[in-house]
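Please have the sequence and the model open side by side. The paragraphs below go through one serine, the internal cavities and the cysteines.

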Amino acid sequence: MKKAVMYGAGNIGRGFIGKVFSDSGYEVCFIDIDEQVIDAFNDKREYRVHIVSDEEEHYETVTNVYAVNAASPQAAQEIADCDIMATAVGVNVLPYIVENIAKGIALRMENGGGPLDVILAENQLDVDKIMREMIYKRLDAGTKAWTDKNLGLVEASIGRMVPPLTPKEKAADPLLIAVEPYAELPVDSQAFKNEIPDLVGLKPFSPFSFYIKRKLFLHNMGHAVCAYLGWQKRYEYISQAIRDAEIYDMTGSAMQSVVEALHREYSQIPQEEIQANKDDLLHRFHNRALKDTISRVANDPIRKLRSNDRLVGAALYCLEWDVEPAYIVKGIVAALCYDNEADEAAQKVQALKKEKGIDAVLEDMLSIRPSSQLAQLIKAHM
């Protein structure tokens with residue numbers, strides 16, 4: 001049986017990519033640091049995925065799985081021996097996994113192994129370049145030369161929504177994960193070193209920058225706008241907020257701006273196709289069964305307000321393509337007013353705004369000049 005390594009046994013690792021590998025006929029080794037999860041994997045060798053929507057729900061069992069601790073030397077050996085690999089750890093954790101990946105690459109080269117493709121299931125623009133730079137810092141000249149020819153870092157667009165479970169559900173089954181039915185996996189078709197694998201739901205595409213921008217600036221931006229506007233009306237769940245006619249219209253209008261910008265850049269893709277994705281997302285936001293909370297989606301506004309992330313990044317992208325981002329700006333303003341006392345990042349935004357004013361927030365946290373076009377639009381709506 002072919003073997004896949006899934007670095008990260010969290011929501012996306014278990015709920016999406018690891019399941020894709022298993023459903024496609026691979027034995028799956030999860031690498032993680034959570035001892036409870038690792039022990040459960042190795043005890044059961046399978047886990048359940050709860051597929052939930054307003055229309056239906058059912059359980060599917062993922063088989064042929066086991067796990068190793070990232071702190072163990074076995075982690076690098078698993079990477080050296082596998083047929084394909086993926087990461088789903090979150091952007092902030094990437095620096096902590098590259099040591100094992102570099103060691104695995106070196107072992108693979110020493111053992112005469114073939115090329116290794118790594119699907120990067122991370123919400124980050126240019127994550128392939130970021131990862132390659134971090135990995136290369138840990139390789140000697142000879143290994144770098146081998147890696148140039150044999151390491152495929154494959155960007156992926158992760159559109160499946162995977163909300164966290166309740167503490168009660170986690171306690172009952174530490175491996176259980178809940179996901180929505182949507183399971184499309186777009187990947188960069190030009191990045192593979194091996195032949196493109198036959199994986200369930202895989203959608204190879206080029207130029208892949210389209211899917212990266214569609215995910216970040218259309219899906220993630222719309223989700224965030226809905227959350228921050230929903231917080232202002234004190235809704236608890238995304239499914240409640242999107243059923244508010246005013247929030248629905250504002251979220252849809254913000255997303256429509258990105259539809260237009262995407263079509264202007266990628267004119268070879270019919271606007272109707274991009275529009276259909278927007279409409280599908282708005283429908284999926286209604287999914288009550290996900291129990292997707294406002295606080296989860298709105299969490300850490302500092303990250304979500306970065307100039308290359310979902311809100312400010314989407315607004316700048318629209319301006320770049322001469323599209324008015326008025327409703328995205330309303331979402332940015334709502335994020336700047338997000339005052340959840342349980343959110344440390346939100347409190348930092350509010351403290352800086354109170355102490356030094358909005359210009360300091362724009363410059364220090366959003367990385368945009370207070371005199372810029374976008375800054376002026378933001379301040380006009382504050």
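Is S257 buried or exposed? The structure is a predicted model, and in it S257 has a relative accessible area of 8%. Buried means under 20%, so S257 counts as buried. The residue is part of helix α10, which covers residues 245–265.

What surrounds the S257 side chain comes next. A polar atom of that side chain lies 3.2 Å from the backbone oxygen of E324. E324 also appears among the residues that S257 contacts once its neighbours within four places in sequence are left aside; the others are C318, V323, P325 and I328. One of these partners, C318, is itself buried, with a relative accessible area of 0%.

The next topic is enclosed space. The structure has 3 cavities of 30 Å³ or more. The largest of them holds about 70 Å³ of space. Its lining is made up of S157, G159, Y182, P186, R214, K215, H219, N277, L281 and R284. Two elements, α8 (209–232) and α11 (271–285), each give two or more residues to that lining. Sorted by class, the lining of the largest cavity consists of 4 polar, 3 nonpolar and 3 charged residues.

The second largest cavity has a volume of about 60 Å³. Around it are E122, N123, Q124, L125, A156, S157, I158, I212, K215 and L216. By class, this second lining has 5 nonpolar, 3 polar and 2 charged residues. S157 and K215 belong to the lining of the largest cavity and also to that of the second largest.

That leaves the cysteines. How many disulfides does the structure hold? The number is 0. For C226, the nearest cysteine sulfur belongs to C337 and is 17 Å away. A disulfide needs two cysteine sulfur atoms within 2.5 Å, and C226 is in no disulfide. C226 has 0% relative accessibility, so it counts as buried.

C318 is likewise in no disulfide, and the cysteine sulfur nearest to it, that of C226, is 18 Å away. Why does C318 count as buried? Its relative accessible area is 0%, and the cut-off for a buried residue is under 20%. This brings the account back to its starting point, since C318 is one of the residues in contact with S257.

Note on methods:
Residues are numbered from 1 along each chain as its sequence is written. This is a predicted model: local features need pLDDT of at least 70, side-chain atom pairs count only at pLDDT 80 or more; totals for chains, interfaces and linings use all residues. Side-chain values use heavy atoms; hydrogens and water are left out. Helices (H or I, at least four residues) and strands (E, at least two) are DSSP runs, numbered from the N terminus. Buried means under 20% relative accessible area, exposed over 50%, partly exposed in between (1.4 Å probe, protein chains only). A polar contact is a pair of N or O atoms within 3.5 Å; within protein, one must be able to donate a hydrogen and the other to accept it, and residues adjacent in sequence count only if both atoms are side-chain atoms. Contact means heavy atoms within 4.5 Å. On a 1 Å grid over the protein atoms alone, a cavity is a set of points where a 1.4 Å probe fits but cannot get out, and a pocket is an open set with protein on both sides within 12 Å along at least five of seven lines; lining residues have an atom within 4 Å of a point. Grid points are joined across faces, edges and corners, and a volume is the space filled by probe spheres set on the points. Ala, Val, Leu, Ile, Met, Phe, Trp, Tyr, Cys and Pro count as nonpolar, Asp, Glu, Lys and Arg as charged, and the others, Gly among them, as polar.
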